[in-house]
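Here's a quick tour of the fold you're about to load. Have the viewer open and follow along topic by topic.

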Amino acid sequence: MHGQRLLLVGVGVTGRPYITAARRLGVRVHAVETAPRAEALAGLADEVTVCRGGSDELWYEAACEAVRHTRPDGVVAFSEPHVLAAALVQNELGLPGPSLRASVLSRNKALQRGRFAAAGIGQPDFLVAERLGEGRDWAARRFPVVVKPLSSAGSAGVELVGDRRAFEDAVARRDAEGRLLVERAATGPEYSWEALVRHGKVWFANLTAKETTGPPYFVEVAHRVAAEVDPATRATVADLGGAVLDALGMDTGIVHLEFRLTAGGPAVMEVAVRTPGDHLMDLLGDAYGIDWYEMVVRLALDADLPAPPAAPLRRTAGYLPSARPGTVTAIRGLDEVLAHPHVVTAEVTAAPGDTVAPARSSVERVGHVLLSAPDPGTLDVALDDVRTTLRVVTRPGGLPDDGTP
């Protein structure tokens, strides 16, 4: 791999470990990033091409410019907006990647629904509505339903609608958004399945148990990596993952599949062929003793992989606190959390004086805590400690602070 070139489409902050992993392997990195973030890559990436905006078209334009003079040996898409641009370049240059079909499906939840229906994969009943109001009669026979955009991440725009009155309220707010996906709400524990895939075959996979704020917005607040489930459930998940890979036409790369285990079987929520968010890559690396960023780079370069892990070495979790809407008046317990023996890192992104909005997507959360423990029981105790210790205190409106979080 020494001397090879990797094109990294999108970097952000949590994508920087791709650069670190590539350089550790002796691989040169050409990054594509928007102007506000490109300057921060000086000294990290070997080359940087600036993207003029955040659309699929502009990411592709910048990726094409990046490869115009120097052909890369591999291409990695960082996050959801970068998937299609990377896939087009991979396809044009004959380089390893998820496949153009898998990448197109990753970018559009309605296309996923149609493909999974054709493949007989468990999922909620759904309707693609050109305008939300057109779904009134369909939704009325299926309440509660979930309304979501076709292309988004981090729970943005996802909301539960429980009855006709709530649906009419959603129509008043969202009818002008255009095409939306309406689904019968699925109930049951929520999981994600992260898999490293080469030529359609799973090299290694993990099961993550998820917690959310619940209705109406389902913002994720905790992840437990290397989740404990019974053998029958593990086999069910493996079968689901294999069926989804086949339906996607997945070839090579990383897959992040979200689903619920309902009384009727697994129901797919969505799938993406890119880096999972919420620091899951760090949690996965700690749990299994392998650098998942490096594995993705190796897959992109068609390089050798080590033997897959036989079992988790540790149990890890991410806690993603939110706060009550209002003005932040105090951050409590952060020092105690940082000193906890099973906390790897902790950060609060809100500060006194900031205004906190209701948590309707991942961007409204106020920090993260990553934990690591030798066994599930110890991890659960540590996670409970963090939940009760860390507090972002807010004052709603102009009311006096009563000390409640």
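A good place to start is an open sheet of 4 strands, ordered β3-β2-β1-β4 and paired in parallel. Its edges are β3 (47–51) and β4 (74–77), each of which has a pairing partner on one side only. Going from one strand to the next, the twist averages 20°. Keep in mind that this is a predicted model.

**Around the parallel sheet**
- β1, covering residues 5–9, pairs with β4 in the parallel sense, and the pairing has 4 bridges.
- To find the register, look at L6, whose bridge partner in β4 is G74.
- Helix α11 (residues 292–300) packs on this sheet and touches β1 and β4, with its direction at about 135° to that of β4.

**The chain as a whole**
- The protein chain holds 13 helices and 19 strands.
- A compact globule of 405 residues would have a radius of gyration near 22 Å, so the 21 Å of this chain agrees with that picture.
- Along the principal axes, the C-alpha atoms fill a box of roughly 60 × 55 × 50 Å.
- Of the 405 residues, 51% are buried.
- If you take the contacts with a separation of 6 or more, 65% of them come from residues 24 or more positions apart.
- Accessible surface adds up to about 17100 Å², and carbon and sulfur atoms own 52% of that.

**Nonpolar cores**
- The largest nonpolar core counts 41 residues, and V244, L248 and F259 have the most contacts inside it.
- Another core lies apart from that one: it has 38 residues, including V76, L284, V297 and A300.
- What does L248 touch, leaving out residues up to four places away in sequence? The list is S99, R101, A102, L105, F116, V271 and V273.

**Strand β9 and its partners**
- In β9 (residues 190–198), 9 of the 9 residues are buried.
- Side chains in a regular strand alternate between the two faces of the sheet.
- For β9, one side carries E190, S192, E194, L196 and R198, the other carries Y191, W193, A195 and V197, and all are buried.
- On one pairing, β9 runs antiparallel to β10 (residues 201–212), joined by 9 bridges. A195 has A205 as its bridge partner in β10.
- The hairpin of β9 and β10 has 2 residues between the strands, and H199 takes a positive phi near 50° there.
- β9 also pairs with β12 (residues 253–262), again in the antiparallel sense, over 8 bridges. Here E190 is matched with R260 as its bridge partner.

**Strand β14 and its partners**
- β14 (residues 315–319) is mostly covered, with 5 of its 5 residues buried.
- Which residues sit on each face of β14? R315, A317 and Y319 are on one side, T316 and G318 on the other, and all of them are buried.
- β11 (residues 220–225) runs antiparallel to β14, and 4 bridges join the two. Within that pairing, V225 stands opposite T316.
- β18 (residues 367–373) is antiparallel to β14 as well, this time through 5 bridges. R315 stands opposite A373 in β18.

Technical notes:
Residues are numbered from 1 along each chain as its sequence is written. This is a predicted model: local features need pLDDT of at least 70, side-chain atom pairs count only at pLDDT 80 or more; totals for chains, interfaces and linings use all residues. Side-chain values use heavy atoms; hydrogens and water are left out. A nonpolar core is a set of buried Ala, Val, Leu, Ile, Met, Phe, Trp, Tyr and Cys residues joined through side-chain atoms within 4.5 Å. Buried means under 20% relative accessible area, exposed over 50%, partly exposed in between (1.4 Å probe, protein chains only). Contact means heavy atoms within 4.5 Å. Two strands pair if DSSP finds at least two bridges between them. Axes are lines fitted to C-alpha atoms, for helices over the stretch in contact, and angles run from 0 to 180 degrees between N-to-C directions. The radius of gyration is taken over C-alpha atoms; the globule rule is 2.2 Å times the number of residues to the power 0.38. Accessible areas come from the Shrake-Rupley method with a 1.4 Å probe; for residues, only the protein chains shown count as cover.
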